[in-house]
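Got your viewer open and a hand on the mouse? Let's take a walk through this one, stop by stop.

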Amino acid sequence: MINYHFLSKTRPDNVGSNVLIFAAEPVIIQALSLKKAIAKFTPPTKCVEADIYWTSRKHNYSKKVITIPHVTRKQRKGK
């Protein structure tokens with residue numbers, strides 16, 4: 001199992017539209033793949049995007065930024 005660390009970001013109401021701040025405490029999800037970890041993640045309200053950090057089995061440090069709500073490939077292709 002790999003530990004995926006999710007950091008949620010939101011846009012504040014009183015600051016410009018390009019500024020993002022962290023919305024909540026980091027959430028740690030254990031899963032076998034990134035796809036399954038994203039499916040398990042429930043974002044907090046007003047969450048715009050999430051940064052995901054993890055270390056692979058070969059000890060490579062990785063990062064991915066996803067937009068909320070996340071649209072899977074299956075939903076994009078219409079299958």
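Here is a tour that starts with the whole chain and then goes to single residues. Keep in mind that this is a predicted model.

**Stop 1: the whole chain**

Show everything as a cartoon first. You should find two helices and five strands. Start at the N terminus and trace the chain: the elements come in the order β-β-β-α-β-β-α. The C-alpha atoms fill a box of roughly 40 × 35 × 20 Å along the principal axes. And how many of the 79 residues of the chain, as a percentage, count as buried? The value is 28%.

**Stop 2: a pair of rings between β1 and β4**

The whole structure has three aromatic pairs, and we'll visit two of them, beginning with tyrosine 4 and tryptophan 54. Select both and show their side chains. The ring centres are 5.5 Å apart, with 50° between the planes, and the pair is tilted. Why tilted? The 50° angle is neither under 30 degrees, which would count as stacked, nor over 60, which would count as edge-to-face.

Now look at where the two partners sit. Tyrosine 4 belongs to strand β1 (residues 2–10) and tryptophan 54 to strand β4 (residues 49–55), so this pair links distant parts of the chain, 50 residues apart. Are these two rings' residues buried or exposed? Tyrosine 4 has a relative accessible area of just 3%, so it is buried. Tryptophan 54 counts as buried too, at 13%.

**Stop 3: a second pair of rings**

Next, select tyrosine 53 and tyrosine 61. Their ring centres lie 6.1 Å apart and their planes meet at 20°, so this pair is stacked. Switch on the surface and check each partner. Tyrosine 53 is buried, at 18% relative accessible area, whereas tyrosine 61 is exposed, at 62%.

**Stop 4: the salt bridge**

Side chains of opposite charge can pair when their charged atoms come close. How many salt bridges does the structure hold? There is one. To see this salt bridge, select lysine 9 and aspartate 51: the closest N and O atoms are 3.0 Å apart. Here again distant parts of the chain are linked, with lysine 9 in strand β1 and aspartate 51 in strand β4, 42 residues apart. Both ends are out of the way of the surface probe: lysine 9 counts as buried at 17% relative accessibility, and aspartate 51 counts as buried at 3%.

**Stop 5: the positive patch**

Go back to the surface and select Lys35, Lys36, Lys40, Arg73, Lys74, Arg76 and Lys77. Together they make a patch of positive charge. Which helices supply at least two residues each? They are α1 (34–40) and α2 (73–77). The largest share, four residues, is from α2. Pick out arginine 73 for a closer look: it lies in helix α2 and is exposed, with a relative accessible area of 53%.

While lysine 36 is on screen, add threonine 55, which is found in strand β4. The two are 19 residues apart in sequence, and their C-alpha atoms are 16 Å apart in space. Threonine 55 is partly exposed, at 39% relative accessible area.

**Stop 6: into the loops**

Move to the loop between β2 (21–22) and β3 (27–31) and click on alanine 24. At 36% relative accessibility, alanine 24 counts as partly exposed. Draw a distance from its C-alpha to that of proline 43: you get 9.3 Å, for two residues 19 apart in sequence.

Now the loop between β4 and β5, where you'll find histidine 59. What should you look for in its backbone? Phi of histidine 59 is near 65°, a positive value in a residue other than glycine. Histidine 59 counts as exposed, at 68% relative accessibility.

Finish in the loop between β5 (61–67) and α2, at proline 69. Zoom in on the peptide bond that joins isoleucine 68 to proline 69. Is this bond cis or trans? The bond is cis, with omega near 5°.

Notes
Residues numbered from 1 in each chain as written. Predicted model: local features only at pLDDT ≥ 70, side-chain atom pairs only at ≥ 80, totals over all residues. Heavy atoms only, no water. Phe/Tyr/Trp six-rings, centres within 6.5 Å; stacked < 30°, edge-to-face > 60°. Buried < 20%, exposed > 50% of the residue type's maximum accessible area, 1.4 Å probe, protein only. Patch = residues over 30% accessible without salt bridge, like charges linked within 9 Å, V, L, I, M, F, W, Y side chains within 5 Å. Areas by Shrake-Rupley, 256 points an atom, 1.4 Å probe, with all protein chains shown as cover. Salt bridge = Lys/Arg side-chain N within 4 Å of Asp/Glu carboxyl O. Lys, Arg positive; Asp, Glu negative; His and termini not counted. Charge placed at Lys NZ, Arg CZ, Asp CG, Glu CD.
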